[in-house]
Amino acid sequence: MTPALSVEKIVKEYRAGRHAVRALDGVSLALLAGEIVGLVGANGAGKTTLLSVAAGRLAATSGTIGVPGAAPGSAGSRRVVGFAPDGAVFPPTLTVREVLDYYARLHVSGPRRAALVARALEIGGLAEVADRRAAALSRGFSQRLSLAQAAIGARRVLLLDESLSGLDPVARRAVCDRLAALAASGVAILLSSHDLAAVERLAQRVIVLHRGRIVREGPTTALLGERVLELVLDGPADRVPPGFRVTPFGVETDLGQGTVEAALALARAHRLAVRASRVRLRSLEDVVLDALEDGAR
């Protein structure tokens, strides 16, 4: 299957005095139609830079961006790829509806603009603030307006930078449902977010970025399929058994192919005062933290 967007060995360097700071270091990925890919990592990992380069808003130092039938950053590419930046700024005198109408003019003319605006308002869940000035919006509504302008014109690729940030739980669920519906219609979505629970729910694949490099990637189900045994202790763990790690409430270990009984026996052999235990599946937070620790070594 031809990717809706391909990124090949992208390097992006910034000058800092006499030195070059490498924000992206050989990043490659392919985004397929109809899938949502989560892009996660710590602040400064290069997520925003990657999205900006992929959208054609920022020139790469080296590497290539592929959009079928269009050059990166060209008018043809902009008709296909929508970018929702974090903290987007809109003209202060325009209402939400007027902002979307402005972007709709870049795609169609005449009466058809109204249909595009109506659809964008629906995608962003913005009907209640349609006639409010964009400058007066809360952060959550501003993020939803950024998403709506990115999706306007039936774009086939959406690059979303923290589009779930600042949303209350009800709004976040509604936006997640709309993103899932867009993907079901064939739109390819690359979603950068610190909301790991939402990424875990939405994304078919996850990419972990650390210091400009991809340090882990794969299908979400495969990354989260491992079992974890959590032990709550009556006191501090003076001696942590091999393969265990300390948590705020005690210790935990990845079970892998082992059994709960074997892990508990090892804990007892190290004289841990186990008060309670439970088995859970690894969360995306576990995966990201492990990947970042591995990447820092």
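These are my notebook entries on a predicted model of one protein.

**Entry 1: the whole chain**

I began with the overall picture. The protein has 297 residues, and 45% of them count as buried. I find 10 helices and 13 strands in the protein. The C-alpha trace spans about 75 × 45 × 40 Å along its principal axes. I also looked up how far along the sequence the contacts reach. Taking contacts between residues at least 6 apart in sequence, 70% join residues at least 24 apart.

**Entry 2: the nonpolar cores**

Next I went inside. The largest nonpolar core holds 34 residues. Which residues have the most contacts inside this core? They are L158, L160, L179, I189, V206 and L284.

I then listed the elements that give two or more residues to this core. The helices are α5 (139-151), α6 (169-184), α7 (196-202) and α10 (284-296). The strands are β3 (36-40), β6 (157-161), β7 (188-192) and β8 (205-210). Helix α6 provides the largest share, with 6 residues.

There is a second, separate core of 27 residues, and L50, V53, I65 and V67 are among its members.

I picked L160 for a closer look. Leaving out residues up to four places away in sequence, L160 touches L51, A84, L147, L179, I189, L190, L191 and S192. Two of the names in that list, L179 and I189, are also on the list of residues with the most contacts inside the largest core.

**Entry 3: helix α3 and what covers it**

Helix α3 runs from residue 96 to residue 104. Its buried residues are V96, V99, L100, D101 and A104. What lies over them? The cover includes α4 and α5, and I took these two partners in turn.

A reminder to myself: two packed helices are described by the angle between their axes and the distance between the axes.

*α3 with α4.* Helix α4 covers residues 112-124. The two helices pack at an angle of about 125 degrees, with their axes 9 Å apart. An angle of about 125 degrees falls outside the 65 to 115 range for roughly perpendicular and is not over 145, so α3 and α4 are oblique to each other. Their crossing is right-handed. On the α3 side, the contact is made by V96, R97, L100, D101 and A104. On the α4 side, R113, L116, V117, A120 and L121 take part. By class, I note 7 nonpolar residues, 3 charged and no polar ones in the contact of α3 with α4.

*α3 with α5.* Here the axes come within 9 Å and cross at roughly 25 degrees. Angles under 35 degrees count as roughly parallel, so α3 is roughly parallel to α5. The crossing of α3 and α5 is right-handed. Helix α3 contributes V96, V99, L100 and Y103, and α5 contributes L145, A148 and Q149. By class, this contact has 6 nonpolar residues, 1 polar and no charged ones.

V96 and L100 are named in the contact with α4, and they are named again in the contact with α5.

**Entry 4: two positive phi values**

I then checked the backbone. K9 is not a glycine, yet has a positive phi of about 50 degrees. K9 sits in strand β1 (residues 5-16). Is K9 buried or exposed? K9 counts as exposed because its relative accessibility is 61%.

R271 is another residue other than glycine with a positive phi, near 60 degrees. R271 is placed in the loop between α9 (260-269) and β13 (274-281). With a relative accessible area of 73%, R271 is exposed too.

**Entry 5: two buried spots**

My last look was at G82 and A203.

G82 lies in strand β5 (residues 81-84). At 1% relative accessibility, G82 counts as buried. Apart from its neighbours within four places in sequence, G82 is in contact with A150, R155, V157, L158 and L159. I also noted the C-alpha separation of G82 and A54: 10 Å, for residues 28 apart along the chain.

A203 belongs to the loop between α7 and β8. This alanine counts as buried because its relative accessibility is 8%. Setting aside residues up to four places away in sequence, A203 touches I36, V37, G38 and T220. From A203 to A84 I have 17 Å, C-alpha to C-alpha, with their positions 119 residues apart in sequence counted as the separation.

Key: Residues numbered from 1 in each chain as written. Predicted model: local features only at pLDDT ≥ 70, side-chain atom pairs only at ≥ 80, totals over all residues. Heavy atoms only, no water. Axes fitted to C-alpha atoms, helices over the stretch in contact; angles between N-to-C directions. Helix = DSSP H or I, 4+ residues; strand = E, 2+ residues; numbered from the N terminus. Left-handed = near helix turned anticlockwise from the far one by under 90°. Contact = heavy atoms within 4.5 Å. Nonpolar A, V, L, I, M, F, W, Y, C, P; charged D, E, K, R; others polar. Core = buried A, V, L, I, M, F, W, Y, C linked by side-chain atoms within 4.5 Å. Buried < 20%, exposed > 50% of the residue type's maximum accessible area, 1.4 Å probe, protein only.
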